[in-house]
Each structure stands twice: as structure tokens, then as C-alpha cells.
Amino acid sequence: SDPVMWRDIFVANRQAVLASLDDFEAGLARLRQAIESSDGDAMLATFDRARHARHYFESLLNKTSYQAEYQMQHQGKLRYRVSPGGAVTGRIRVPGDKSISHRSIMLGALAEGVTEVKGFLEGEDSLATLQAFREMGVAIEGPHQGRVTVHGVGLHGLKAPSGPLYVGNAGTAMRLFAGLLAGQGFDTELTGDASLTKRPMGRVADPLRQMGAEIDTVEGGRPPLRIHGGKALKGITYDMPMASAQVKSCLLFAGLYAEGETRVREPAPTRDHTERMLQGFGYEVHREGDTCWLSGGGKLTAAPIDVPADISSATFFLVAAAITPGADLVLEHVGINPTRIGVINILQLMGADLTLSNQREVGGEPVADLHIRHAPLKGIDIPVEQVPLAIDEFPALFIAAANAEGVTRLRGAEELRVKESDRLQAMANGLAVIGVEHTLLEDGIDILGGGRVDGHNYGGGRIDSLGDHRIAMSFAIAALRAGDEIIIDDCANVATSFPGFIELARKVGLVLEEEAAEEGV
Ligand code: S3P
């Protein structure tokens with residue numbers, strides 16, 4: 001364009017242009033050095049950042065966003081076809097923990113310095129978080145085989161994104177983002193897919209408003225969320241009406257930007273990955289009994305993160321092995337944070353032969369190898385204090401219950417109705433299809449297991465996962481003890497939390513295929 005204009009721009013912005021040229025020269029010098037010393041990793045990192053930067057510029061120019069691309073990828077629907085029977089043996093490692101993966105990017109982006117993450121979950125949910133930070137100007141390399149490098153910009157270094165931040169199916173992303181975006185100097189809009197758009201956001205918007213944030217939701221407190229930046233936040237003491245780690249984490253993130261202390265009381269223990277990681281990044285978080293708190297105005301210092309395998313993904317294989325005669329399976333390097341081990345406690349109460357070995361701590365989170373062999377299961381009354389500790393594991397645990405002798409009773413689990421689907425209803429529908437006797441309640445379910453029709457525990461049939469990853473995977477493992485094939489519709493969202501599920505399931509001995517399905521067919 002006009003050279004006279006460019007001359008004037010450079011004259012008027014001398015300092016800024018010189019600083020940019022210095023940055024550019026330093027980048028070229030680093031690349032030169034990498035080429036000279038044949039440092040392949042450094043070259044890969046540079047080219048990777050370049051590719052993402054270019055992609056980011058294109059999205060700015062075309063005014064498209066991650067949203068458009070994501071929706072293109074999801075136009076087709078996937079169906080699983082699982083043959084009855086099969087084995088569960090071997091040694092596997094399931095992908096990285098979803099909760100920890102989200103937080104690794106969030107804290108890495110807001111820290112000062114470079115955060116190296118390994119074991120990152122390359123699932124759509126955590127990738128949506130990663131992409132959202134790229135759209136706010138954070139340079140992130142990878143993921144390459146679970147390795148991600150986040151170039152932190154500090155608590156006040158994010159830039160306004162060019163359009164709405166689309167977080168797909170990820171409730172964790174939307175709720176945690178709400179907290180940290182409430183503290184920024186710019187406005188943002190958070191959108192999600194059809195499932196997320198139905199989920200309640202008032203649980204985060206209300207306390208954030210008490211802190212001084214300005215947030216718009218649509219009717220019923222649903223997404224999209226419009227967050228108005230530039231508001232001064234002040235710390236509050238908040239008594240959470242439900243046991244939610246997402247609400248707690250959202251408020252702690254907002255608390256980083258608030259004046260004074262932000263205190264959250266939880267009615268029951270919820271996962272504490274946020275508190276652990278904040279501490280790992282040098283930010284003081286206090287806890288006394290059921291209350292945790294922090295003070296605003298500190299800073300985060302980058303620290304390496306080693307994400308353990310996700311106990312929620314491991315659950316499908318734990319239940320698969322527990323219900324299948326002859327099964328013998330080891331799940332390696334699984335996160336066993338005490339706030340997440342409800343599934344281990346519940347399966348052991350049901351009589352599962354499940355042992356932990358090689359217990360160690362990596363990056364502030366406890367991990368172990370889990371060894372499980374088949375043993376007859378019995379129905380139990382699930383202790384109510386285990387419910388928040390196993391909240392994501394109930395769809396799979398219902399399949400364990402369907403294979404146990406006698407009745408399993410769950411109460412106090414109304415939160416299941418507001419997950420990626422209404423999980424109580426979705427599971428009850430599916431159990432009805434395959435012929436498992438049950439009684440559905442507002443806050444739980446009774447499941448009568450061990451039906452034993454011709455040596456099988458139930459029949460087959462066609463299940464609607466309602467687009468919920470955990471419903472889809474639960475009925476896939478149910479086929480191990482079914483009398484007939486189980487077909488599961490709407491399975492594309494398994495990729496949100498468990499990329500490679502089909503391959504791992506086949507590896508241990510399940511017989512399943514995935515096929516493309518036209519909408520409505
Ligand atoms: C999560 C917390 C849980 C869980 C979700 C992930 C998190 O939700 O169901 O899958 O990463 O904080 P709630 O905190 O709403 O119970």
C-alpha cells in the first residue's frame with residue numbers, strides 16, 4: 001500500500017517498530033542457530049508456532065474462528081457396532097487427564113515463563129482450551145505426542161480475541177474461562193456446541209456477579225456467555241450450593257484478579273487439581289476444612305507438568321475387566337488423586353479384584369498402576385460421600401451394576417442430570433433397551449443386575465448416546481456380557497475425552513467397529 005503512509009507510520013511509531021524489529025531479529029537469530037547446530041526440535045518448535053500463527057492470522061482475516069472448523073469436522077455422525085462377548089486382557093495406558101490438561105494450558109498461559117507439559121490429552125475438549133488461548137495471543141507449540149510448550153504471557157498479558165471463543169462440548173473450559181475472563185480488560189463471548197448450550201451457567205455467573213463481574217447469559221442462565229471486561233473484582237466468601245470443582249475453580253481464577261481474599265466452601269470434597277497446580281506454579285492457596293481461599297494480586301511462575309492417565313477414561317476398562325470372566329488387565333500411570341478415586345472405592349465395595357501398585361507422585365499428583373481381574377460383583381448401596389468423587393464414572397458404574405448380583409442403589413446424584421447429557425435419563429433409556437431392570441429417581445437410580453438370560457446378563461439393541469461420550473463408551477463395554485450386538489448412535493464426541501478409544505478397546509479384546517452414519521439414518 002501507500003509508501004508515504006508507511007513512512008509516516010514508522011516515523012510516528014519509531015520505538016514500537018524498533019522493538020518489533022528487535023524481536024523479529026532475535027527470532028531469526030534463534031532459527032539461524034537451530035539450523036547451524038542441526039537442532040531439529042528447535043526448528044520443529046519454530047515451524048509449529050509459525051503454522052499456528054499463520055492459521056491465526058487467516059482466521060482474523062477471514063473473520064472465521066475455530067468454531068467454523070470444528071463444526072465442519074462434526075458434520076458426519078459416528079456409530080459404534082459392538083459384537084457381544086470378547087476379552088479384556090493386557091497392559092494399556094489411557095490418554096491424559098482431561099481436568100488436568102485444561103488447567104495446564106490455562107495456568108501455563110497465565111504464568112510468567114515457559115511451561116512444558118507432557119501427557120497432555122489431545123482430545124477435543126482440551127484442544128478447544130488450547131485454541132482459545134491461541135486466539136488470545138498466547139504462543140503454544142504442539143501438541144506432539146502429548147507434549148505441549150506454552151509461552152506464558154503473565155496474568156495480564158492476554159489479548160482480546162477477534163471473535164467468540166468456541167469451546168465445543170467442554171463445560172470445564174466454559175466455566176473456568178468465565179472466571180479468568182471476568183478479570184480481563186477486554187470483552188469476550190464464550191460459545192459451545194448444542195449440548196453445552198443447554199447446560200447451566202448461572203452457577204458460575206451468579207457468584208462472579210457478586211464479585212463485581214458483568215456477565216450476560218441467555219434465558220435460564222445458559223450459554224453463550226458475554227463477559228464484559230474492565231470490571232474491578234473484589235473477593236467474596238462463597239458457600240457453593242452444589243459440590244462442583246468447576247465452580248470452585250472458576251471463582252479461584254477470578255480471585256487471582258480480585259482485590260482481597262476469595263473463599264469457597266464446598267458442601268463435599270471436589271477435585272482439587274486447580275489448587276494443586278496453582279501451588280505448583282508458586283501461588284499460595286490455603287485450605288481449612290471444607291474451605292479454600294487465595295488472595296488476588298500475585299503471580300504465577302511456569303512449572304513443568306506431567307499429566308497422569310485419566311482415571312475417568314480408565315474407568316471404562318476397569319468396569320470392562322470387572323464384568324468379563326477371564327479378564328486380567330493392567331492400566332498404567334493412572335491419576336489417583338484422593339478427590340477422584342470414588343470409582344476404585346465403589347468397585348472394591350462391589351467385590352472387584354482391583355489392586356494398586358507402583359504408587360508414586362508426579363508433578364504434585366499421585367499416580368499408580370491399576371491391576372484388575374474378573375471377580376463376581378454384588379449390588380451395593382453406593383455411599384453418598386463417594387458420589388462427588390466418582391461423578392463422571394457413573395455411566396460406566398451403572399454397567400457394572402447391571403452385571404452385579406442384586407440391586408445397586410444410587411442417591412444424591414442429581415448433578416448427573418446436567419452433564420454432557422442428562423446422564424440418569426440417558427443411561428436409564430439405554431438400560432431399558434438392553435433389558436436391564438431399573439427404577440429411575442430424580443437424584444439416582446436402582447439397578448437390578450445379573451439377569452442371566454441364556455448365560456448372558458442382558459440383550460443387545462440400539463442405543464442413543466445423545467452425543468455424550470461417556471454414555472457411548474459405557475454401552476460399548478456393556479456388550480462384553482450382552483447376548484446380542486449393541487449399536488450405539490452419535491459417538492463422535494468420544495473424541496472429546498478419549499481419542500483412540502476404539503483402538504485401545506480392540507487391543508484388549510473387545511470386538512467393535514465404527515462407521516459413518518448419515519444424520520437420521
Ligand atoms: C470437572 C469437574 C466436574 C466433572 C467434569 C470436570 C473439572 O464437574 O464432572 O467432567 O475439571 O473441574 P463439576 O465440578 O461441575 O461437578
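Two strands count as paired here if DSSP finds at least two bridges between them. Keep that in mind as we walk through this structure, which is a predicted model.

Let's put the rule to work right away. Strand E7 covers residues 188-191, and two bridges join it to E6, with the two strands running parallel. If you want to find this pairing on screen, look for Leu165, whose bridge partner in E7 is Leu190.

Now follow E7 to its other partner. E7 and E9 are paired as well, this time in the antiparallel sense and over three bridges. Here you can look for Thr188, which has Ile227 in E9 as its bridge partner.

From E9 we can step across once more. Strand E9 (residues 222-228) is joined by four bridges to strand E8 (residues 214-218), and these two run antiparallel. Arg222 in E9 stands opposite Val218. The two strands make up a hairpin, with three residues between them. In that turn sits Gly220, with a positive phi of about 80 degrees.

Put these pieces together and you have an open sheet of four strands, in the order E6-E7-E9-E8, with mixed pairing. Why is one side of E6 and of E8 left without a neighbour in the sheet? Strand E6 (165-166) and E8 stand at the edges and each has a single partner strand, so there is no neighbour on one side of each.

Before leaving this sheet, take another look at E9, because of a peptide bond there. Pro224 has its place in strand E9, and the bond that joins Pro223 and Pro224 is a cis peptide bond, with omega at about -5 degrees. There is another cis peptide bond to look at, from Gly142 to Pro143, with omega near 0 degrees. Pro143 is found in strand E4, which covers residues 139-144.

Next, turn to another open sheet. It has four strands in the order E2-E15-E17-E16, and its pairing is mixed. Strand E2 (89-92) and strand E16 (353-362) are the edge strands, each pairing on one side only. From one strand to the next, the twist averages 15 degrees.

Start at the E16 edge. E16 pairs with strand E17 (residues 365-373) in the antiparallel sense, over eight bridges. One place to pick this up is Thr355, whose bridge partner in E17 is His371. A helix joins the picture too: helix H18 (residues 501-508) packs on the sheet and touches E2 and strand E15 (328-335). The direction of H18 makes about 140 degrees with that of E2.

While you're looking at E15, pick out His333, which lies in that strand. His333 isn't a glycine, yet its phi is positive, near 55 degrees.

That leaves the ligand. Which residues surround it? Going along the chain, you'll meet Ser99, Arg103, Thr172, Ala243, Ser244, Ala245, Gln246, Arg271, Ile391, Asp392 and Lys419. Sorted by class, this shell has three nonpolar, four polar and four charged residues. Helix H5 (98-110) and helix H10 (245-256) are good places to look, as each supplies at least two residues of the shell.

Now zoom in on a few polar contacts. Ser99 has a polar side-chain atom 2.7 Å from an oxygen atom of the ligand. With Gln246, the backbone takes part: a polar backbone atom lies 2.9 Å from a ligand oxygen atom. Asp392 uses its side chain, where an N or O atom is 2.6 Å from an oxygen atom of the ligand. As for how covered the ligand is, on its own it has 390 Å² of accessible area, and the protein covers 96% of that.

Conventions:
Residues numbered from 1 in each chain as written. Predicted model: local features only at pLDDT ≥ 70, side-chain atom pairs only at ≥ 80, totals over all residues. Heavy atoms only, no water. Axes fitted to C-alpha atoms, helices over the stretch in contact; angles between N-to-C directions. Contact = heavy atoms within 4.5 Å. Near = heavy atom within 4 Å. Polar contact = N/O pair within 3.5 Å; in protein donor to acceptor, adjacent residues only side chain to side chain. Areas by Shrake-Rupley, 256 points an atom, 1.4 Å probe, with all protein chains shown as cover. Nonpolar A, V, L, I, M, F, W, Y, C, P; charged D, E, K, R; others polar.
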